[in-house]
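Some questions on single residues and on the ligand site follow, each with a short reasoned answer.

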Amino acid sequence: MALQRTLSIIKPDAVKKNVIGQILSRFEGAELKISAMRFALLSREEAAGFYAVHKDRPFFKDLVEFMISGPVCIQVLEGDEAIQKNRDLMGATDPKQADPGTIRADFAESIDANAVHGSDSPENAATEIAYFFPNMNIYSR
Ligand code: ADP
Ligand code: MG
């Protein structure tokens with residue numbers, strides 16, 4: 001067991017659906033603690049920078065447009081094996097492939113509008129947390 005932090009984003013579709021609280025409850029129910037949180041309406045540059053690893057993928061432009069289509073709610077989650085635990089809670093990228101009971105199976109409509117982002121490795125978690133929470137206190141409990 002390793003204590004980790006991971007970056008989570010509740011994407012514009014889930015914010016619009018008014019299910020922020022239900023998604024946060026899934027994290028808390030799995031013993032992940034919310035250590036930092038803020039809303040943001042991302043600029044095109046911020047969203048493109050965040051998803052820079054995907055810049056050559058055919059879906060990149062649509063992904064950026066979607067991520068700036070409304071406010072997002074960004075969290076740092078902390079707990080034992082937080083990165084994989086959050087990925088398990090999220091479910092597969094395509095909600096049609098996501099296991100029943102996962103966030104994406106329950107709240108997402110499509111592979112484009114898939115409710116949540118979660119870091120996929122310790123390296124990316126550190127980069128993504130620093131990207132959205134620079135110089136900000138993150139409260140371990
Ligand atoms: P995940 O969010 O599960 O880590 P990826 O990192 O592979 O998935 O992709 C980032 C985001 O890009 C996905 O959450 C999804 O919104 C979008 N995406 C990925 N693959 C596709 C695709 N084939 N078509 C459209 N959008 C996609
Ligand atoms: Mg990813």
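Q: Is Glu 81 buried, partly exposed or exposed?
A: In this predicted model, Glu 81 lies in the loop between β3 (72-80) and α5 (82-90). Its relative accessibility is 33%. Buried requires under 20% and exposed over 50%, so at 33% Glu 81 counts as partly exposed.

Q: What is the phi of Glu 81?
A: Most residues other than glycine have a negative phi. Glu 81 is a residue other than glycine, and its phi is positive. The value is near 50°.

Q: Where is Asn 18 found, and is it buried or exposed?
A: Asn 18 is found in the loop between α1 (12-16) and α2 (20-29). Its phi, near 65°, is positive in a residue other than glycine. The cut-off for exposed is over 50% relative accessible area. Because its relative accessibility is 69%, Asn 18 counts as exposed.

Q: Is Gln 75 buried or exposed?
A: Gln 75 is found in strand β3. Its relative accessible area is 0%. The limit for buried is under 20%, so Gln 75 is buried.

Q: Which side chain is joined to that of Gln 75 by a polar contact of 2.7 Å?
A: The side chain of Gln 75 has a polar partner in the backbone, the oxygen of Cys 73, which it reaches at 3.0 Å. The contact of 2.7 Å is between side chains, and there the partner of Gln 75 is Ser 8.

Q: Where does ligand 1 sit?
A: The residues around ligand 1 include Lys 11, Tyr 51, His 54, Phe 59 and Asp 112. The shell around the ligand divides into four nonpolar, three polar and four charged residues. Ligand 1 sits in the largest pocket.

Q: Which residue has a polar backbone atom 3.1 Å from an oxygen atom of ligand 1?
A: Two arginines of the shell approach ligand oxygen with polar side-chain atoms: Arg 87 at 2.8 Å and Arg 104 at 3.0 Å. The pair at 3.1 Å instead involves a polar backbone atom, and that atom belongs to Ile 111.

Q: What share of the accessible area of ligand 1 does the protein cover?
A: Polar side-chain atoms of Arg 87 and Arg 104 and a polar backbone atom of Ile 111 lie at the distances given above from ligand oxygen. On its own, ligand 1 has 520 Å² of accessible area. The share of this that the protein covers is 79%.

Notes:
Residues numbered from 1 in each chain as written. Chains lettered and ligands numbered in written order. Predicted model: local features only at pLDDT ≥ 70, side-chain atom pairs only at ≥ 80, totals over all residues. Heavy atoms only, no water. Near = heavy atom within 4 Å. Polar contact = N/O pair within 3.5 Å; in protein donor to acceptor, adjacent residues only side chain to side chain. Areas by Shrake-Rupley, 256 points an atom, 1.4 Å probe, with all protein chains shown as cover. 1 Å grid on protein atoms, 1.4 Å probe; cavity = no way out; pocket = protein on both sides within 12 Å on 5 of 7 lines; lining within 4 Å. Sits in = over half its atoms within 2 Å of the grid points. Nonpolar A, V, L, I, M, F, W, Y, C, P; charged D, E, K, R; others polar. Helix = DSSP H or I, 4+ residues; strand = E, 2+ residues; numbered from the N terminus. Buried < 20%, exposed > 50% of the residue type's maximum accessible area, 1.4 Å probe, protein only.
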